[in-house]
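Here's a walk through a protein chain, taken a few residues at a time. Keep the structure open and follow along.

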Amino acid sequence: MLRTLHIRDFALIEALDVEFGPGLNCITGETGAGKSILVGALKLILGDRASTDVVRPGARKAVIEGTFELAAEGSTGRIVAGVLEENDIEVLPELILRREVSGSQSRAFINDTPVTVTLLKDVASELVDLHGQHEHQSLLRTERHIPLVDAFGNLDNEVAAYRGLLAEARDIADRRARLQSEKHALGREKDLLSFQIDEIDAVAPVEGEEDAMEAERRVLENAERLFEATNQLSELMYDSDTAINDLLVQARNQLSDLTRIDPAFNDIRQEIASAQISVAEAAAFLQDYNSRIEFNPDRLEAIRVRSIDLDRLKRKYGGTLDAVLLHRQEIGERFAMASDVDGALRQLDDAFHEVTDRLSAQAWRLSGLRRKAADGIESLIVEELGRLGMPESRFRVELVQDVDPVGWIRSENGTTFTAGARGVDRGGFLISTNPGMDIMPLARVASGGEISRIMLAMKSILARTDQLPILIFDEIDTGISGATAQKVADCMASLGESLQILAITHLPQVAAAGRSQYRVAKETDGDVTRTRITRLDEAARIHEIAALLSGSTVTEAARASARELLKL
């Protein structure tokens, strides 16, 4: 739930703080009062692009901040918490989204942590669905229809699985096309590839061998010094008349005698005994190392020759040994293709056939689930449209598949179909709003008021599945009046029983249906114009709804009608 909204120095808003409640919150006001400014501010904390001209003249920056309450046990709360944790943002009982816009930049914050606008938008998209007064026109775009069906059917994971297979098939097809186009070039390149393979394999470089050879070279070049030093250290520690080991043994024995007299010497005796053991172990290591030292000039020369060979390969094939090994792998694969291009093409054909088998299975599975979701939408939309004053409406989701001789989707009888971005289906919404009318594409039938009601019906049924806790309606009741207005109001109120709704409306019936009502007004002192928003008490609501009914002159009859709408 959006609990509070704070706006400062945004367009005509100097300073505004408003608290919203649960259920249906209605916002009214005269045309030009600033309702669109309020929506613009909300869009900024939802991740919309910011323009620097929104800063109020004379102010340094505009600030918009929304405080949201999330139910910890709800899916939205868990999803948002997961996103915050992934981005090292503190998870709090309240979620605060803030946007700051100055003359030179726009900044975004979540819980006071600076974030990208993309992340702000990702988080907000889990909370709010903002539906503007012109956005119902999106219903007229056929490409939007199947995504709406998928949203209703919770088919995002199925669509993602299909798209993964489609990407895999496209990759194999692209590789095959490149190989086919390179077939003649590979034939000409084969001799060069063979020469490079032989040259590298003659040296047979091994990953990591340079470090090992360098370590061995240092030991061989310093064999004499190592021999003398380890011999001297061994004598110092163990073999001389004054060896450290013998002196420590003497000290340990004397401390043992003293410990029998006074236990206070026990700790130091143990320290000396431990030191004597460490010295004896070090001396043993030195003696063993000394005995294994090799004076091997032949091996040293072999290492130097090997290094020269490796350096020659590095100069020709990438500058590092890893680059040489990678080049060898790549030319080996390319030589294998050049040696049997037809075989490589057959392998790619087999791989493509295998992945398109899986793609086809997933496409038909998705199509079946989509048809089931579409059937559910059809009955629910008709039911909702009946409640919204369109009882004779017929609504159908048309899903068709395009036969394609070179399509990647195969049916059981071998017919092939076009593989689209969202599956094998394309389609759209068909409707008949009056008896006797043929059912036709939505864009060719519905009026503006009908489109608004169809969108509200869509929102009503999708709200049952998409889990978004907040809906914002910006005058989607445009084009509606009379008895239909009350039905729209009842629909919004019903939605408000399970969701928080912010509805900017010009309809008195919708305003009266709200649990809370706010009035946006514009004030001027002659020099400066400001927009403010006020939560209305009972008396103010009666006056505001009466004004919506009767215009600028509020009559007693209009007040009586307002009380009746409010059920007072």
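What follows is a tour of some salt bridges, a pair of helices and a few single residues. Bear in mind that this is a predicted model.

Let's start with the charged pairs. The salt-bridge count comes to 41. Take Arg-3 and Glu-69: they form one of these bridges, with their closest N and O atoms 3.0 Å apart. Arg-3 sits in strand 1 (residues 2-10) and Glu-69 in strand 4 (residues 61-69), so this pair ties together parts that are 66 residues apart in sequence. Arg-3 is partly exposed because its relative accessible area is 25%, above the 20% under which a residue would be called buried. Glu-69 is partly exposed too, at 36%.

Now jump along the chain to Arg-306, which forms a salt bridge with Glu-209; here the closest N and O atoms are 2.8 Å apart. This bridge also links distant parts of the chain, with Arg-306 in helix 11 (residues 297-316) and Glu-209 in helix 7 (residues 209-221), 97 residues apart. Glu-209 has a relative accessible area of 13%, so it counts as buried.

A further pair is Arg-519 and Glu-544, whose closest N and O atoms are 2.7 Å apart in their salt bridge. This one joins a strand to a helix: Arg-519 is in strand 16 (residues 516-524) and Glu-544 in helix 18 (residues 538-550), with their positions 25 residues apart in sequence. Is each partner buried or partly exposed? Arg-519 is partly exposed, at 26% relative accessibility, whereas Glu-544 is buried, at 6%.

Salt bridges can also link up into a network, as they do for Arg-8, Asp-9, Glu-14, Arg-56 and Arg-530.

Next, look at helix 9 and helix 10. How do these two helices run relative to each other? Their axes come within 9 Å and cross at roughly 160°. Angles over 145 degrees count as roughly antiparallel, so that is what helix 9 and helix 10 are. Their crossing is left-handed.

Stay there for the loop between helix 9 (244-261) and helix 10 (266-291), where you'll find Phe-265. This residue is partly exposed, with a relative accessible area of 33%. Together with Leu-258, Ile-261 and Ile-268, Phe-265 makes a nonpolar surface patch of about 370 Å².

Last stop: Leu-399, in strand 9 (residues 394-401). Leu-399 counts as buried because its relative accessibility is 13%. From Leu-399 to Thr-416 is 17 residues in sequence and 17 Å in space, C-alpha to C-alpha.

Key
Residues are numbered from 1 along each chain as its sequence is written. This is a predicted model: local features need pLDDT of at least 70, side-chain atom pairs count only at pLDDT 80 or more; totals for chains, interfaces and linings use all residues. Side-chain values use heavy atoms; hydrogens and water are left out. Patches are made of residues with over 30% relative accessible area and no salt bridge: like charges are joined within 9 Å, nonpolar side chains (Val, Leu, Ile, Met, Phe, Trp, Tyr) within 5 Å. Accessible areas come from the Shrake-Rupley method with a 1.4 Å probe; for residues, only the protein chains shown count as cover. A salt bridge is a side-chain nitrogen of Lys or Arg within 4 Å of a carboxyl oxygen of Asp or Glu. Helices (H or I, at least four residues) and strands (E, at least two) are DSSP runs, numbered from the N terminus. Buried means under 20% relative accessible area, exposed over 50%, partly exposed in between (1.4 Å probe, protein chains only). Axes are lines fitted to C-alpha atoms, for helices over the stretch in contact, and angles run from 0 to 180 degrees between N-to-C directions. Angles under 35 degrees count as roughly parallel, over 145 as roughly antiparallel, 65 to 115 as roughly perpendicular and the rest as oblique. A crossing is left-handed if the near helix is turned anticlockwise from the far one by less than a right angle, and right-handed if clockwise.
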